[in-house]
Amino acid sequence: MNHTIPGFDYHRVPVADDVSLNVAVGGSGTPIVLLHGFPQTHLMWRHVAADLAADHTVIVADLRGYGDSDKPAESGPGTYSKRTMAADIISAAETLGHERFALAGHDRGALVAFRAGLDHPGAVTHLACLDVLPTLDMWEVLHGTTAAVGFHLYLMAQPPGLPEQMIAASADAFFGYFLDQWTKDPAAIPAPVRAVYLDACRAAVPSIVADYRASATIDVDHDRVDRAAGNRLSMPVTVMQQDWGAALGYEATALWSSWAPNLDHRTVDAGHFMAEEEPGTVSAALRDLVQR
């Protein structure tokens, strides 16, 4: 299958020393940047991006360490911190001529978007986060046997070596498990797209693990500092989630409201990969967001 979104132009955009991102750009109008989640690439936005391009300049990036973007070796916790990955996105948008833009992320991309909103409020005009909690809150709600749903978080939080070895030994089974288990509508990720995701993840095991390891270390530290300082997201924020709170025993709107005073929280009847399962619903929510 073609790894590109039809009608979009592709660029390699330098964002840091020896790091360039694979970025697709399409449409015209006010800019919106879309960031993918795990275990996917920018291709997960193919339906939403094409829809939004009718009235927006849409920028879709592979995150550092994923897809066709560069995958620097983990030299410390900062290599794949969400702060570093957010700075990548700010730099890429500026290089493409956009100092201010709306930003939407799913899963890992939503954590990057959240950090970008806190660190770069002058650049992010509107923020959307799909099916995550902020990193600090995520760890705090996982407890007891219900935490088994996040077993991969604990595996990839371990020191370098064993997680990479275990995952690389059964990469397709490991990454495919999430594509299968987290999808309500299997047809939303057809076999050719699934193959693209598995190929990309198979080639990126060390950087994917490093991304998750950062979320158990430095990303938590950054969130704690912001919470202690009372830092909050100053822009309009839309959160779209499954009803994870019912399963794990927390109130999602209350958790998000503590970070985002201007919040529109929506519970979506879809699987985790809602941009592929319910693209029309996601597109409509993003259009509503940028009108706020």
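**Exercises: helix pairs, sheet and cysteines**

The axes of helix α6 (residues 162-169) and helix α9 (residues 205-215) come within 10 Å and cross at roughly 130 degrees. This is a predicted model, where local features need pLDDT of at least 70, side-chain atom pairs count only at pLDDT 80 or more, and totals for chains, interfaces and linings use all residues. Residues are numbered from 1 along each chain as its sequence is written, and side-chain values use heavy atoms, with hydrogens and water left out.

**Exercise 1.** Classify the α6/α9 pair and list its contacts.

*Solution.*
- Step 1. Helices (H or I, at least four residues) and strands (E, at least two) are DSSP runs, numbered from the N terminus.
- Step 2. Axes are lines fitted to C-alpha atoms, for helices over the stretch in contact; angles run from 0 to 180 degrees between N-to-C directions.
- Step 3. Angles under 35 degrees count as roughly parallel, over 145 as roughly antiparallel, 65 to 115 as roughly perpendicular, and the rest as oblique. α6 and α9 are therefore oblique to each other.
- Step 4. Their crossing is right-handed. In a right-handed crossing the near helix is turned clockwise from the far one by less than a right angle; anticlockwise makes it left-handed.
- Step 5. Contact means heavy atoms within 4.5 Å. Pro163, Glu164, Ile167 and Ala168 of α6 meet Val205, Pro206, Val209 and Arg213 of α9.

**Exercise 2.** Do the same for helix α3 (residues 108-119) and helix α10 (residues 218-229).

*Solution.*
- Step 1. The axes come within 12 Å and cross at roughly 40 degrees.
- Step 2. α3 and α10 are therefore oblique.
- Step 3. α3 passes α10 in a left-handed crossing.
- Step 4. From α3, Phe114, Arg115 and Leu118 meet His222, Asp223 and Asp226 of α10.

**Exercise 3.** Trace the sheet and find its edges.

*Solution.*
- Step 1. Two strands pair if DSSP finds at least two bridges between them.
- Step 2. Eight strands form an open, mixed sheet, in the order β1-β2-β4-β3-β5-β6-β7-β8.
- Step 3. β1 (9-16) and β8 (263-267) each have a single partner strand, so one side of each lacks a neighbour in the sheet.
- Step 4. Strands β6 (residues 124-130) and β7 (residues 237-241) run parallel, joined by four bridges. Ala128 has Thr238 in β7 as its bridge partner.
- Step 5. Helix α14 (residues 279-290) lies across β3, β4, β5, β6, β7 and β8, at about 150 degrees to β6.

**Exercise 4.** How many disulfides are there, and are Cys129 and Cys201 buried or exposed?

*Solution.*
- Step 1. A disulfide is a pair of cysteine sulfur atoms within 2.5 Å. The whole structure has zero.
- Step 2. Buried means under 20% relative accessible area, exposed over 50%, partly exposed in between (1.4 Å probe, protein chains only).
- Step 3. Cys129 is buried at 0%. Cys201 is buried at 1%.
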